[in-house]
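Let's take a look at how some helices pack together and what sits in the core. Have the structure open while you read.

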Amino acid sequence: MAKKQKSVKPKARLPRGFRDISSDELRRQQAMLATIGHVFDSYGFEPLETPAFEYTDALGKFLPDQDRPNAGVFSLQDDDEQWMSLRYDMTAPLARHVAENYQTIAKPFRRYASGPVWRNEKPGPGRFRQFMQFDADTVGTANIAADAEICMLAADTLEALGIARGDYVVRANSRVVLDALLESIGIDPTDANVDGPRLTVLRAMDKLDRLGPEGVAQLLGGGRKDESGDFTKGAGLDGAAIGKVIAFLEAGASENALAALQDQLAGSETGSAGLAALADMEALARAAGYDRDRFVIDASIVRGLEYYTGPVFEAELTFEVTGDDGQPVRFGSVGGGGRYDDLVARFTGQQVPATGISIGVSRLAAALDLKQAGRADVTPGPVVVLVMERDQMPAYMRMVSGLRSAGIRAEAYLGTSGMKAQMKYADRRGAPCVIIQGETERAEGQVQIKDLIAGAKLSETIETSEEWRAARPAQVAVAESQMVQEVQRILAAQQADRAA
């Protein structure tokens, strides 16, 4: 007789590079999104939502041509055999939307969008395959004022989120200036080859803040092996070209970056045009009150994506925090963008100038959490109405409804356990207090309200069960008609304690 085959249960495990997000973190994230959206609204940008999936060929030329186009993106084949991919960023879907609706939208088209994006890349500490972005873009104008405005928007957004001046800076550069540098070392600035020398050099320069001059020099030369042993092929430049790139980066990071870069690119018409645009951006920012403590020109800003065609910029946090390992952590860039005048043209054949920025919400939230470590911003759980008698559930639901009508988070216990387990449940839920009404309290028209926060504090000083029974810590009996008012008083006292 054949043995019955044992069923194999799936293992409960997160996909590599993804994470679950807790309720407190989600609430902080939602508050951040609301704040960012308010700032973007104040600038006249309008919200737009695009789907998570786009046809893979719409996502951009930076994706390699493969039988299964999954390098960098997560892809699947639809029932009509067309490849679709989860969006890599919010900009490529915008370009598709503008191209598809070009005749009907008002131009310049000013939109903002938020949502998760997915990248099929190697995960690491703090680097996930799904994360939240918040973008703002102006499409349909080549006016340099649009680029300057995006930089001002970034600064105002960080300040609205509570980041003080001096703890951040918005840095700007120009791909036109970078093109002039490439020309000076013999590289074609129009080379669109994904693995060509132009993009390889730009990617290497973009890693200056993380790898320093030595690491960038390795990527400009023969290549670099990282701490894990992975090898990245270099651009293959000679020593003179590498020296010129490093000198350019260092000059462009100086206080008088525009003057220093003029010296580096002397005689280049391309370089002069790019630097003139940056000078205009700087003048507009200064006229609007954005001084060097908020906005600077910095030629070390490159941006890795290859569709940028003009000014590029990054919003950088400059403060240090202490990580979980006790070591100082500097988060650096939490947002970036630039001008991408050719992206819509991929669909229409007609150049449509555009500029925008993407705020890395997940990274920014992590930085704020560390900077504000110890801040009492955990949202209290709901008030829990204990169910002492199951046949009285309508009465308990009436209590819950009264609390909710007063704007108080509340729930009735819906499990099947006794009072001890219900109290344990309330503790795990982070309930500020519980409502207790058994047969005796109901007959007297009363409820018992137990302040769990005050009770926990008192329990630390009470040593015996006799003392506990005598003190009945933080538990009061009130008329049922006064239940809502007493709960409000308890919640207000707890709020005051958290703020102190």
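## Helix pairs and cores

Helices α6 and α7 are roughly antiparallel to each other (an angle over 145 degrees), because they pack at an angle of about 160 degrees. By the way, this is a predicted model, where local features need pLDDT of at least 70 and side-chain atom pairs count only at pLDDT 80 or more, while totals for chains, interfaces and linings use all residues. Residues are numbered from 1 along each chain as its sequence is written, and side-chain values use heavy atoms, leaving out hydrogens and water.

Here are two helix pairs side by side:

| Pair | Axes | Angle | Crossing |
|---|---|---|---|
| α6 (residues 208-220) and α7 (residues 239-252) | 9 Å apart | about 160 degrees | right-handed |
| α4 (residues 175-184) and α9 (residues 269-287) | within 7 Å | roughly 160 degrees | left-handed |

So α4 is roughly antiparallel to α9 too. Where they meet, α4 brings residues including Val-176 and Ala-180, and α9 brings residues including Gly-274 and Leu-278 (contact means heavy atoms within 4.5 Å).

Now for the inside. The largest nonpolar core (buried Ala, Val, Leu, Ile, Met, Phe, Trp, Tyr and Cys residues joined through side-chain atoms within 4.5 Å) has 77 residues, and Met-205, Leu-237, Phe-248 and Leu-364 touch the most other members. Buried here means under 20% relative accessible area, with a 1.4 Å probe and protein chains only. Helix α3 (residues 144-160) gives this core its largest share, nine residues. Leaving aside residues up to four places away in sequence, Met-205 touches Val-216, Val-245 and Phe-248, among others.

Technical notes. Axes fitted to C-alpha atoms, helices over the stretch in contact; angles between N-to-C directions. Helix = DSSP H or I, 4+ residues; strand = E, 2+ residues; numbered from the N terminus. Parallel < 35°, antiparallel > 145°, perpendicular 65-115°, else oblique. Left-handed = near helix turned anticlockwise from the far one by under 90°. Buried < 20%, exposed > 50% of the residue type's maximum accessible area, 1.4 Å probe, protein only.
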